[in-house]
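Q: Could you take me on a close look at the open sheet in this model, with what packs on it and what lies around it? I'd be glad of one connected walk-through.

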Amino acid sequence: MNRNEGSAPVATTHTPSTASAPAMTSRPRGAGTGTTFTRWLGIVTLASMAAVALFGLVLSPEDVVQGESVRILYVHVGTVWVAYLAFVVTAVSSAAYLWRRTHSLTWDRIAGASAEIGVLFMAVTLLTGSLWGRLSWGTFWVWDARVTTTAFLFITYVGYLAVRGLGGSHEQRARRSAVVALLAVIEIPLVHFSVKLWRSVHQDASVAGRTTDVTLDGLMLFTLLLATVAFTLLYVWYVLHRQRVMTMEDALDDKGLDLALAERRREAATNGVSNGAPSATGEVTN
Amino acid sequence: MAGGATSVWATARLVAAKDLRVERRSRVVVNQVLPFAALVMVLFAFALDADAVLERTAPGLVWLGTIFSLLIVVQRSFAIETADGALDALRVAGVSPPGIFLGKSFALAVQLFVLEVLLVLLAIVLYESELDAAGAVLLVTTLVPATTGLAFVGTLYGGLAAGTRGRETLLPLLLFPVVAPVLIGATRATEAALGAGGAATDEGWPWVGMLVIFAALFGVGGTLAFGPLVEE
Amino acid sequence: MEPAVASSGPVVELDDAVAVLGRFPALAGVTMSVERGEIVLLRGPNGAGKTTLLRLCAGLLPLARGSGSVVGCDLSTQRDTIRSRVGLLGHSNGLYHDLTVRENVQFWGATVGATADEIQASLERMGLAARLSDVAVGRLSAGQKRRTALACLVARRAQLWLLDEPHAGLDAAGRDELDRTLHAAVAAGATVMVASHELERAGGLATRIVDVVGGQAGPPRSDHDGGSL
């Protein structure tokens, strides 16, 4: 969180008040991505993460069947929930961008920020899931519809981020990526449905019989809910900041355009002197 | 009246006829992509060695070969448009993007269909697959929606990647995850048609339904999305 | 079926138009107005933004700043309509090299519903009706490709012709043909903007010359170094 980097206690006590004034002006209010709200949100997130660690690692009991490995699930379930939430947010924001009445680049930035964080959490989900699978089922990977869909969602949104990085104007980026995000909404259910149908035909590697054995007692259930809340808070905090960073990046691009424009106009001015005034008629040029 | 006089369907017919005529003249798909697909089938045989495995996996190999070839055919389809700035010219001419999408999809589907038939024949010859009458009906019924679906998504993402930096690498990243349902569905249906691994013919029909849904969704989605995707 | 005489206002009207290629402001403020029936020559060194100006007028590039209208349609909101009414001949010809000259002209003519007679007329106009019409475009010389592209433009009946170095690669006969074609197009109600280096050629053709320098054209700016937008 954006605490002022130049505020070591020694410096503040010795710096005359006149010297701190320019430091304040060089970093005007609102230049960072933090606000009072996000600072409080950050503190609450940190606190809830600490609580998840405490409950997940210390206070909650080990599972009767799975033993200590059940603790992975607190992270796994929290991140998978956030990852799917992130992609729903991306899809909804993309639709909001394309819809004429809510057309705004803010929606595009929220979609992008959400997808980035979704991809990150999805990676954690897949990693923790396969580790847990190795411990509980003896295998890193199963061709279960949920697992496969999750992996495809991950790859699809990596592709989405690649489309965002194609360049062009902000509007072009926004339009292209919004359309790709909405196409993913068609794709993902089809992948899920087809894998599910596929595995139901070939019953051999079904996972269903093996997962549902987990009986959660009250404290474990509480830890799971706590983790879900904590990861959601983390997600919201990330998206708010990332979206603001993107706004600043876009503004920087615009600023760069202003500079390039001024540069280009100077070029015209100097050339104009050597070539005769612009819009003169019929004199020698090249 | 400049421009808008031609309907989406007329444009689609025009674009499809143009693409197919270009192929008839240049024979790139016939002379290069078909041999490539056949070569892939032979390479599969080298890699998988045992005859029993090949007979069992033949349907999957047919569709893997199709999807690899799809990538090349899509790139070829848009190379025609970008080689001399025709894609820009189409945009300047105000040619309706849905018309371009449907036209290019149709031409792509025709080429893919020929390719798939060849691959199935190769599987029967090389991998000792067998096809009875009921299986043949199922197989043809599978090919139509599967090919249509592949052509739709190929055109859609090919159009997006055309003219961008790194299109050769972006296209498979976008395309392959999307075609996964076709790979699964068409492979299962073809297994049923060929009786590979002891599959019964009527097991294939639910998959045909899935392929029809896939083609319909991406047909509608692509018609709507193509314009915004190729727009600058 | 001649170009519709839509509006009485200028065919092209740009006010401090800025267009961006990637991050580079290729057009840094163009203010100009073109009336119907004019043949305007855009003059300027390489990299001055002539091509970008033509592409902007064709509705191919979005307007980054400023405002403008082409054939009576707004450049920021009605680019689709603009495109169908203008013809652009850029550095590339927009031809399919595996198809014959006639097939190319037929294809582009058909996008606006041109009849067989009109297509034949377009081919004859550019001297392509005879021997060359059944040759694949890929086997033509650069000048012949150019003439084919022009024939496609004729077949498309554009209201505004945007030509980027149209003389490049054309022999003397081809250049005369081009000049006659442009005059005929103007007589039929079209307007022409030409970017060219070949001033002695294009200068004689033009009714007016506009200098493009450093991405700018138009009356001198009051705030040259301000960049205040």
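A: Happily! Since this is a predicted model, please read what follows in that light. A good place to start is the pair β3 (residues 39-43) and β8 (residues 191-195) of chain C, two strands that run parallel and are joined by four bridges. Within this pair, C:Leu41 faces C:Val194 of β8(C). As a general point, strands in a sheet pair through backbone hydrogen bonds, in either a parallel or an antiparallel sense.

Stepping back, β3 and β8 belong to an open sheet of five strands in chain C, with the order β6-β7-β8-β3-β9 and parallel pairing. The edges are held by β6 (86-89) and β9 (208-211) of chain C; each has a single partner strand, so one side of each has no neighbour in the sheet. On average, neighbouring strands here are turned by 15 degrees against each other, if direction is ignored.

Now for the helices. Helix α5 (residues 142-156) of chain C packs on the sheet, where it touches β6 and β7 of chain C, and its direction makes about 175 degrees with that of β6(C). Another helix, α6(C), lies across β3, β7 and β8 of chain C and runs at about 145 degrees to β8(C).

Between β7 (160-164) and α6 (172-187) of chain C there is a loop that is worth a pause, and C:Glu165 is found in it. C:Glu165 is not a glycine, yet its phi is positive, at about 50 degrees. With 18 other C-beta atoms within 10 Å, C:Glu165 is partly exposed.

A second residue invites a look alongside it. C:Val71 also has a positive phi without being a glycine, here of about 40 degrees. C:Val71 sits in the loop between β4 (65-70) and β5 (73-74) of chain C. Buried or exposed, how does C:Val71 count? C:Val71 counts as buried, because it has 26 C-beta neighbours inside 10 Å, and the cut-off for that class is 20 or more.

Finally, chain C also has a partner to look at: 33 of its residues are in contact with 24 residues of chain B. On the chain B side, the elements that give two or more residues are α1 (8-26) and α4 (86-92). The most comes from α1(B), with six residues. Sorted by class, this side of chain B has eleven nonpolar, six polar and seven charged residues.

Conventions
Residues are numbered from 1 along each chain as its sequence is written. Chains are lettered from A and ligands numbered from 1 in the order in which they are written. This is a predicted model: local features need pLDDT of at least 70, side-chain atom pairs count only at pLDDT 80 or more; totals for chains, interfaces and linings use all residues. Two residues are in contact if their C-beta atoms, placed from the backbone, lie within 7 Å. Ala, Val, Leu, Ile, Met, Phe, Trp, Tyr, Cys and Pro count as nonpolar, Asp, Glu, Lys and Arg as charged, and the others, Gly among them, as polar. A residue is buried if 20 or more other C-beta atoms lie within 10 Å of its own, exposed if 12 or fewer, and partly exposed in between; C-beta atoms are placed from the backbone. Two strands pair if DSSP finds at least two bridges between them. Axes are lines fitted to C-alpha atoms, for helices over the stretch in contact, and angles run from 0 to 180 degrees between N-to-C directions.
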